[in-house]
Amino acid sequence: MDVIFYVVPGLIMALALFMAYRVVRRWLQIRGAWNSGLTAEGRCLRAYTTVSGGHGDTSVRTTLHHVYEFITHDGRVIRFEEDGGPGTTLEGDYVTVYYTAGRQVVATAQAPSRARHAMAVVGILAFLGVVVVFCAGFVVTYAQIFAPYGDFVFGGITDATVMP
C-alpha cells in the first residue's frame, strides 16, 4: 500500500523533468534558428484552430496553428507546422522564416523576441521545479512519518510471539 505514495510522486516528478527537458530543447532550437542568420521568405499554407476542454470543464482552450512552407538556401522545400503565432497571419500570407542549416532543419516564423521567450521558459521551468520539489518533499516526509510503523494494511504483525 505504501508503494502508491512513492510511485505516484515519482511518476509526477519524472513527467515534470521530461517536460522541462522538452521546454529547454525547444527553446534552444528556436534560439538556434534565430541566431543562425538564415532567413527565407515562407508562405502560410494553412491556418486553423484547435479547441480542447469544455466537456464538463469550465475552461476551453483554443490554439492557433499555422502550416508554412519555404525553400532553403540549398534548394530544399521545407514544410512545417507551428502553433501559436500571430492571429493576423492568414492562408496565403508571406512571412519571414528563421531556420537552421544542416540535415535536420529547425524553422520558426516567430519574430525574434529573445527576452520574452527566455522569461517564458524561466517561468515554466520555475513551475516545474516547484512541482518536483513538492513531490520530493512529500516522499521524504511520508517516509519519515510512516516508515517506523511499517505498512498497516499489508505489513502484518511482526512483533507477535506465540506462547504455548
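The following exercises, each with a worked solution, concern a predicted model of a protein.

**Exercise 1. Fold and element order**

Determine how many helices and strands the protein has, and in which order the elements run from the N terminus.

Solution.
Step 1. The count of elements gives 2 helices and 5 strands.
Step 2. Read from the N terminus, the elements follow the pattern α-β-β-β-β-β-α.
Step 3. Helix 1 spans 4–35 and helix 2 spans 114–146.

**Exercise 2. Sheet topology**

Establish the strand order of the sheet, and explain why one side of each edge strand is left without a neighbour.

Solution.
Step 1. The 5 strands form an open sheet in the order 3-2-1-4-5, and the pairing is antiparallel.
Step 2. The edges are taken by strand 3 and strand 5 (107–108); each has a single partner strand, so one side of each lacks a neighbour in the sheet.
Step 3. As background, pairing between strands of a sheet is made through backbone hydrogen bonds, in a parallel or antiparallel sense.

**Exercise 3. Register of the strands around strand 1**

Find over how many bridges strand 1 pairs with strand 2 and with strand 4, and identify the bridge partners of Val51, Cys44 and Gly42.

Solution.
Step 1. Strand 1 (residues 38–53) runs antiparallel to strand 2 (residues 60–71), with 11 bridges between them.
Step 2. Within that pairing, Val51 is bridged to Thr62 of strand 2, and Cys44 is bridged to Tyr68 of strand 2.
Step 3. Strand 1 also pairs with strand 4 (residues 94–99), again in the antiparallel sense, over 6 bridges.
Step 4. Here Gly42 has Val95 of strand 4 as its bridge partner.

**Exercise 4. Burial, cysteines and a histidine**

Classify Cys44, Cys135 and His66 as buried or exposed, state how many disulfides the structure has, and locate the polar contact of the His66 side chain with Pro86.

Solution.
Step 1. The cut-off for a buried residue is under 20% relative accessible area.
Step 2. Cys44 has 1% relative accessibility and therefore counts as buried; Cys135, at 7%, is likewise buried.
Step 3. A disulfide is a covalent bond that joins the sulfur atoms of two cysteines. The search of the whole structure returns 0 disulfides.
Step 4. His66 belongs to strand 2, and its relative accessibility of 0% makes it buried.
Step 5. A polar atom of the His66 side chain lies 3.5 Å from the backbone oxygen of Pro86.
Step 6. For the protein as a whole, buried residues account for 24% of the 164 residues.

**Exercise 5. The two largest pockets**

Describe the volume and lining of the largest pocket and of the second largest pocket.

Solution.
Step 1. The largest pocket has a volume of about 560 Å³. Its lining comprises 20 residues, of which Arg26, Ile30, Asp83, Gln110 and His117 are the closest to its centre.
Step 2. Helix 1, strand 3 (77–83) and helix 2 are the elements that each give two or more residues to this lining.
Step 3. Sorted by class, the lining of the largest pocket holds 8 nonpolar, 5 polar and 7 charged residues.
Step 4. The second largest pocket encloses about 230 Å³. Among the residues lining it are Arg22, Arg25, Arg26, Gln29, Phe80 and Glu81.
Step 5. Helix 1 and strand 3 are the elements that give two or more residues to the lining of the second largest pocket.
Step 6. The classes in the second lining are 5 nonpolar, 2 polar and 5 charged residues.
Step 7. Arg26 appears in both linings.

Notes: Residues are numbered from 1 along each chain as its sequence is written. This is a predicted model: local features need pLDDT of at least 70, side-chain atom pairs count only at pLDDT 80 or more; totals for chains, interfaces and linings use all residues. Side-chain values use heavy atoms; hydrogens and water are left out. A disulfide is a pair of cysteine sulfur atoms within 2.5 Å. Buried means under 20% relative accessible area, exposed over 50%, partly exposed in between (1.4 Å probe, protein chains only). On a 1 Å grid over the protein atoms alone, a cavity is a set of points where a 1.4 Å probe fits but cannot get out, and a pocket is an open set with protein on both sides within 12 Å along at least five of seven lines; lining residues have an atom within 4 Å of a point. Grid points are joined across faces, edges and corners, and a volume is the space filled by probe spheres set on the points. Helices (H or I, at least four residues) and strands (E, at least two) are DSSP runs, numbered from the N terminus. Ala, Val, Leu, Ile, Met, Phe, Trp, Tyr, Cys and Pro count as nonpolar, Asp, Glu, Lys and Arg as charged, and the others, Gly among them, as polar. Two strands pair if DSSP finds at least two bridges between them. A polar contact is a pair of N or O atoms within 3.5 Å; within protein, one must be able to donate a hydrogen and the other to accept it, and residues adjacent in sequence count only if both atoms are side-chain atoms.
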